[in-house]
Amino acid sequence: MARYKGIIFSGIQPYGDPTDNLIYMSYGWRANFLKSANTQMRYQVMWNGLNENQAPSKSNFNAGNNKGDIINMVFKVYATTEYPYPVTFETWDLVATIKKTRDIANKSYDTTAPSNETPLTYQRFTIDISQLCQDLLSYSLVPINKGTWQASEWGGMNGGQTKQDNVTETISDYNVSRNGTYRHIFVTAIPEVILANGTIEEVTGQNPLQFNKIAVINSVAQYEQQDIFYNLKYIIQQFTSISSGASRGFMSLCPNFTQTGNIPFLKQVRTDEEAEWLYWYQKSMFNGSTGDFTSTSRLKVETYLSNGTAQNTMYLSDFNSNLLTTTRSNLEVFQKNQNRVCVQNVSPVYINANAQDDVGNTLTNQIDSSTSYYRTHLEYLNAEDNLITNGTFDTDTNWGKGTGWSIDVGNKIAECDGSQTSGTQLTQTGLTFNSGVTYKVTYTVTVSAGNIDARLQGSGATVNGVSRTSSGTYTENLVSTGNTSFRMRGSDAFIGTVDNIYVQANPTTIRATEYRYFGIDRETANIPYGFVRFHWLNRIGGVDSYTAKRNITQGLSINRDTIETKSADRTWYQDDQLFNGASVDTDKYISNTMRGGNLYKGGREVLNVKAQRNNSVYTEPLNKQTADWLEEIMTSPNVWIEMDTEATARGNTVNPFQRPSTKEYIPVIITNSDVETLNQETGLVKFNIEYTLAHKVQTQRN
């Protein structure tokens with residue numbers, strides 16, 4: 001059982017702490033949890049068994065304790081999209097094993113007193129795994145007109161190699177790829193030592209060195225332009241409100257988060273567009289300074305008229321299905337750490353069909369003919385302690401029970417048997433509801449007969465909630481008039497149960513992100529040409545979109561490979577009469593081929609045809625801000641256009657849940673070799689986006 005002498009410890013790692021070697025070398029002593037896969041991602045092990053300028057030797061092996069010199073360091077790189085992390089690193093995906101010899105020794109160039117130089121006291125083993133991480137990441141598209149992807153771990157329509165596509169089970173981990181937008185990375189290191197006989201053996205009996213876990217995304221922001229390589233501003237967490245001076249944002253470099261004075265930059269969207277995406281990295285959902293949990297997380301959408309007057313307010317929360325939850329004081333809240341990429345559809349079509357009000361009721365057609373623009377941002381509502389005691393009915397206490405009411409401790413419910421002859425109440429007194437304050441009330445009821453509602457009563461005027469005639473979990477806001485009791489009031493005919501009563505005072509609203517602004521483009525499409533809507537993998541690892549509308553052209557470029565063969569005899573035809581002059585005997589002809597006269601076959605023939613669709617479209621005149629952003633289309637490795645065809649509509653017909661639109665993403669290859677983003681002489685520039693379909697034109701072989 002070989003062991004190593006001395007100790008090993010981490011020298012450099014992407015996510016460090018205040019004691020790391022890089023503490024004074026970069027922003028925030030490099031303790032960024034989220035990293036760009038396109039930056040250096042160095043891991044270094046330091047060993048104090050030898051000085052840096054000494055060579056490991058078999059003669060140093062100590063047979064008494066089986067300890068020797070380290071000659072190699074074996075790094076193992078693991079990845080996953082799961083959080084909480086898999087319990088042991090063996091259950092992560094092992095993506096690489098790297099055996100590294102010691103680093104080249106540093107050399108001192110101080111020649112004044114070489115005899116007094118002291119060599120560095122550690123040996124170092126350093127690797128960079130950035131290229132490995134790049135190979136793990138690609139993209140993850142959400143189907144058009146869907147709210148979010150199905151699962152954060154597996155994402156949506158992912159890039160990368162499809163695994164075992166012949167597997168046909170309904171649900172299988174083998175025929176899908178993991179979310180291509182992000183990965184959690186875990187690196188371990190175990191030494192190899194040189195034994196007394198000169199053989200090299202991996203250490204056993206000593207635990208591997210484990211580095212801090214990090215997350216990586218597929219961002220490629222430019223060093224000379226943005227500082228997000230050094231301080232990733234799109235990590236969303238709740239530690240502080242950013243109601244002013246917002247800097248935390250979404251995974252997009254579109255400038256629609258900026259304003260000049262009070263005039264925002266508006267990203268133009270059309271009212272018929274079904275896919276407009278906001279991606280972000282969701283880290284913490286917990287206020288570390290006060291201990292408040294997040295009870296509600298949502299994108300707030302506000303529409304405005306052309307004069308800036310506020311119009312409608314609504315909320316989107318589809319992405320919540322991918323967040324981790326827990327229970328606190330019988331209220332479901334979000335777990336402290338999420339550590340995942342989230343995505344939400346904020347297109348006009350999706351908003352108009354799926355937006356909700358403050359308590360979850362669906363609102364329709366909130367973006368109408370008078371809407372000029374809308375803005376959205378992510379907000380949290382903090383969960384405070386439940387003002388109700390024993391809202392889960394664990395004991396038969398704290399509640400006053402009117403006729404018909406009883407508490408079933410075994411099933412943890414309050415139930416009403418219908419024996420009352422008038423309205424009957426389940427009451428908790430001795431409470432304080434401040435006048436004018438909004439209280440969020442949540443409860444679960446089953447209704448077999450009659451109806452039931454929640455009420456604030458006592459001292460002030462009674463505040464009635466919505467009468468419930470069917471079973472379900474309900475949330476509503478009640479504004480107190482200075483009340484002192486809470487009641488669930490059943491009608492004279494009510495038969496049913498109540499459970500999980502939660503009353504929360506003054507939920508604190510925290511704006512967690514910057515605003516994103518979208519202007520409404522109402523220009524009529526030029527049919528039959530239409531407009532061309534692009535989606536692409538942007539430089540932050542999310543997906544952006546843009547609709548180009550000018551001077552659309554389409555065509556084909558065709559190449560043919562030909563072959564020359566011996567020509568058929570074309571100089572005579574076989575007669576259609578029998579040799580004795582009798583009438584035609586049709587039974588004698590086994591096909592329509594006749595001897596001679598084979599004019600339908602040429603001496604040269606096409607062996608195969610290669611065809612490619614060539615398309616071109618111009619943008620609107622672009623200011624520099626927009627042009628700098630849209631150059632991403634030209635440099636992105638993954639670009640799609642939306643198409644609505646008989647073929648794309650098939651998915652919607654077969655499975656409208658997975659493909660809720662008749663449109664599909666069709667991959668294209670941008671063929672521009674250059675693009676002009678600034679021209680001082682002409683002013684605003686226009687992009688001519690040239691592209692070809694990545695699906696090749698199918699042709700027959702001869």
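**Pockets, strands and rings: reasons behind the labels**

Tutor: Let's start with empty space in this predicted model: searching the whole structure turns up four cavities of 30 Å³ or more.

Student: How much space lies in the second largest cavity, and what makes it a cavity at all?

Tutor: About 40 Å³ of space lies in the second largest cavity. The name cavity is used because a 1.4 Å probe fits there but cannot get out.

Student: Which residues line the second largest cavity?

Tutor: Its lining is made of S252, C254, N256, K267, E276, W277, L278, R516, F518 and D544. Strands β19 (277-284) and β38 (516-521) each give at least two residues to this lining. By class, there are four nonpolar, two polar and four charged residues.

Student: Why is C254 placed with the nonpolar residues and N256 with the polar ones?

Tutor: Cys is on the nonpolar list and Asn is not on the nonpolar or the charged list, so C254 counts as nonpolar and N256 as polar.

Student: What makes the largest pocket a pocket, and how much space lies in it?

Tutor: A pocket is an open set of points with protein on both sides within 12 Å along at least five of seven lines, and that is why this one carries the name. About 1000 Å³ of space lies in the largest pocket. Its lining has 30 residues, and G156, M157, V176, Q658 and R659 lie nearest the centre. Both β10 (157-158) and β44 (663-670) supply at least two lining residues each. The lining divides into 12 nonpolar, 13 polar and five charged residues.

Student: Why is strand β21 called largely enclosed by the rest of the structure?

Tutor: Strand β21 covers residues 292-304, and 11 of its 13 residues are buried, so the rest of the structure largely encloses it. Buried here means under 20% relative accessible area.

Student: How do you know that β21 pairs with β20, β22 and β26?

Tutor: Pairing needs at least two bridges. Strand β20 (residues 286-287) has two bridges to β21, β22 (residues 310-316) has five, and β26 (residues 373-383) has 11. Each count meets the cut-off, so each is a pair. β21 runs antiparallel to β20, to β22 and to β26.

Student: Which residues are the bridge partners of E302?

Tutor: E302 has R375 as its bridge partner in β26, and E302 stands opposite T313 in β22. At the β20 side, N287 is partnered by D292 of β21. β21 and β22 form a hairpin with five residues between them, and G308 in the turn has a positive phi of about 90 degrees.

Student: What makes β27 and β33 edge strands?

Tutor: They belong to an open sheet of five strands in the order β27-β30-β35-β32-β33, with antiparallel pairing. β27 (400-401) and β33 (463-464) each pair on one side only, which makes them the edges. Within that sheet, six bridges join β32 (residues 452-457) to β35 (residues 485-490), with R455 partnered by R487.

Student: Now the rings: how many aromatic pairs are there, and why is the pair of F33 and Y281 called tilted?

Tutor: The count comes to 24 aromatic pairs. The rings of F33 and Y281 have centres 6.2 Å apart and planes at 50 degrees, so the pair is tilted. That distance is within the 6.5 Å limit, and the angle is neither under 30 degrees nor over 60. F33 lies in the loop between β2 (8-12) and β3 (34-36), and Y281 in strand β19, so the pair ties together parts 248 residues apart in sequence.

Student: What makes F33 and Y281 buried?

Tutor: F33 has 7% relative accessibility and Y281 has 0%; both values are under 20%, so both residues count as buried.

Student: What makes Y78 and F186 a tilted pair?

Tutor: Their ring centres are 6.2 Å apart and the planes are at 35 degrees, so this pair is tilted. Y78 is in β6 (residues 70-80) and F186 in β11 (residues 182-194), so parts 108 residues apart in sequence are tied together. Y78 and F186 are both buried, and ring pairs link them with Y83, Y85 and W92 into a cluster.

Student: How do you know that K549 sits over the ring of F531?

Tutor: The charged end of K549 is 5.5 Å from the ring centre of F531, and the limit is 6 Å, together with an angle within 35 degrees of the ring normal. Likewise, the charged end of K686 sits over the ring of Y618, 5.6 Å from its centre.

Note on methods. Residues are numbered from 1 along each chain as its sequence is written. This is a predicted model: local features need pLDDT of at least 70, side-chain atom pairs count only at pLDDT 80 or more; totals for chains, interfaces and linings use all residues. Side-chain values use heavy atoms; hydrogens and water are left out. On a 1 Å grid over the protein atoms alone, a cavity is a set of points where a 1.4 Å probe fits but cannot get out, and a pocket is an open set with protein on both sides within 12 Å along at least five of seven lines; lining residues have an atom within 4 Å of a point. Grid points are joined across faces, edges and corners, and a volume is the space filled by probe spheres set on the points. Helices (H or I, at least four residues) and strands (E, at least two) are DSSP runs, numbered from the N terminus. Buried means under 20% relative accessible area, exposed over 50%, partly exposed in between (1.4 Å probe, protein chains only). Rings of Phe, Tyr and Trp (its six-membered ring) pair if their centres lie within 6.5 Å; planes under 30 degrees apart count as stacked, over 60 as edge-to-face and the rest as tilted.
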